[in-house]
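Please walk through this protein chain with the structure open beside the text. The account moves from one loop to the rest of the fold, and then to the pocket.

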Amino acid sequence: MWSFNKKQGLISPVSGQCISLKNINDEVFSKLMLGDGIAIEPTSEIVVSPVDGIVEVIMEDTCHAVGLKMKNGIELLIHVGVDTVNLQGKGFKCLVKAGDKVKVGSPLIEFNKKIIEDNGYKATVIFIVTDDKDKEIKFKNETDLVCAGEDMVLDI
């Protein structure tokens with residue numbers, strides 16, 4: 001069982017429109033090298049936890065990515081933008097630290113979409129199941145709009 005909600009799925013970490021990872025302009029993500037998942041063009045600027053779990057890692061210097069581990073051991077990655085590590089934390093704020101326990105909807109990262117885009121980057125939020133081998137994952141349609149902390153984006 002992946003999720004701790006009644007709907008049996010992973011909840012969206014940000015509000016926005018779902019898009020396929022294959023449309024991301026980064027081979028690491030588009031070729032699913034880190035795992036399968038979904039991307040969301042955000043309409044909100046707060047990344048929330050899609051599950052109950054533990055913050056395994058957060059990029060403290062840049063705050064652009066967070067790794068979570070569910071109670072059942074499944075690991076997730078939430079990455080804000082493509083190449084946004086180059087901003088060196090400009091426009092990002094960490095709201096958690098490694099080792100923190102989180103619940104569905106707990107704020108993880110705050111980001112400023114305008115600062116990201118004004119510096120030539122996209123603010124697309126990438127949500128990946130990093131250990132997806134032998135797991136059947138079904139994703140929302142590309143046209144689906146989702147609400148952070150409420151709507152499922154990954155079904156099992």
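Ser44 sits in the loop that joins β3, residues 36-42, to β4, residues 46-48. The model is a predicted one, and the distances below are read from its coordinates. A polar atom of the Ser44 side chain lies 3.1 Å from the backbone nitrogen of Ser15. Leaving out residues up to four places away in sequence, Ser44 touches Val14, Ser15 and Phe111.

Thr43 is found in this loop between β3 and β4 as well. With a relative accessible area of 66%, Thr43 is exposed, because exposed means over 50%. Thr43 touches Ser15 and Gly16, again not counting residues up to four places away in sequence. Ser15 is thus a contact of Thr43 and also of Ser44. The C-alpha atoms of Thr43 and Lys113 are separated by 8.9 Å, although their positions lie 70 residues apart along the chain.

How much can be read from the coordinates depends on the confidence of the prediction. The pLDDT averages 86 over the chain, and 84% of the residues score at least 70. Over residues 1-8, however, the pLDDT is below 50, and this stretch has 22 contacts in the model beyond near neighbours in sequence. Where pLDDT is low, predicted coordinates should not be read in detail.

As for the overall make-up, the chain has 2 helices and 14 strands. Of its 156 residues, 49% count as buried. Among contacts in the chain with a separation of 6 or more, 72% are between residues 24 or more positions apart.

Several residues illustrate such pairings across the sequence. Leu10 belongs to strand β1, residues 9-11. Its relative accessibility is 0%, so Leu10 counts as buried. Leu10 and Pro50 are 40 residues apart in sequence, yet their C-alpha atoms are 5.8 Å apart in space.

Phe29 lies in helix α1, which spans residues 27-30. Phe29 has 5% relative accessibility and therefore counts as buried. What surrounds Phe29, leaving aside its neighbours within four places in sequence? Its contacts are Leu21, Ile24, Leu34, Leu77, His79, Ile126 and Ile128. Phe29 and Phe127 are 98 residues apart in sequence and 9.7 Å apart in space, C-alpha to C-alpha. Phe127 is in strand β11, which runs over residues 125-129. Phe127 is buried too, with a relative accessible area of 0%. From the C-alpha of Phe127 to that of Val66, 61 residues away along the chain, the separation is 9.9 Å.

Two residues have a backbone angle worth noting. Leu32, in the loop between α1 and β3, has a positive phi of about 60 degrees although it is not a glycine. At 29% relative accessibility, Leu32 counts as partly exposed. Asp83 is not a glycine either, and has a positive phi of about 65 degrees. Asp83 is placed in the loop between β7, residues 75-80, and β8, residues 92-94. Its relative accessibility is 40%, so Asp83 counts as partly exposed.

Asp83 leads on to the largest pocket, since it is one of the lining residues. The other lining residues are Ile19, Asn23, Ile24, Asn25, Glu41, Val82, Tyr121, Lys122 and Thr124. How do the residues of this lining divide by type? There are 4 nonpolar, 3 polar and 3 charged residues. The space in the largest pocket comes to about 150 Å³.

Thr124, in this lining, is located in the loop between α2, residues 113-118, and β11. Is Thr124 buried or exposed? Thr124 is buried, because its relative accessible area is 2% and buried means under 20%. The side chain of Thr124 makes a polar contact of 2.8 Å with the side chain of Glu41, and Glu41 also lines the largest pocket. Not counting residues up to four places away in sequence, Thr124 touches Ile19, Ile24, Ala39, Ile40, Glu41, Pro42, His79, Val80 and Gly81. Among these contacts, Ile19 and Ile24 are lining residues of the pocket as well. Ile24 and His79 appear among the contacts of Thr124 and also among those of Phe29.

Conventions. Residues numbered from 1 in each chain as written. Predicted model: local features only at pLDDT ≥ 70, side-chain atom pairs only at ≥ 80, totals over all residues. Heavy atoms only, no water. pLDDT = per-residue confidence, 0-100. Contact = heavy atoms within 4.5 Å. Helix = DSSP H or I, 4+ residues; strand = E, 2+ residues; numbered from the N terminus. Polar contact = N/O pair within 3.5 Å; in protein donor to acceptor, adjacent residues only side chain to side chain. Buried < 20%, exposed > 50% of the residue type's maximum accessible area, 1.4 Å probe, protein only. 1 Å grid on protein atoms, 1.4 Å probe; cavity = no way out; pocket = protein on both sides within 12 Å on 5 of 7 lines; lining within 4 Å. Points joined across faces, edges and corners; volume = space filled by probe spheres on them. Nonpolar A, V, L, I, M, F, W, Y, C, P; charged D, E, K, R; others polar.
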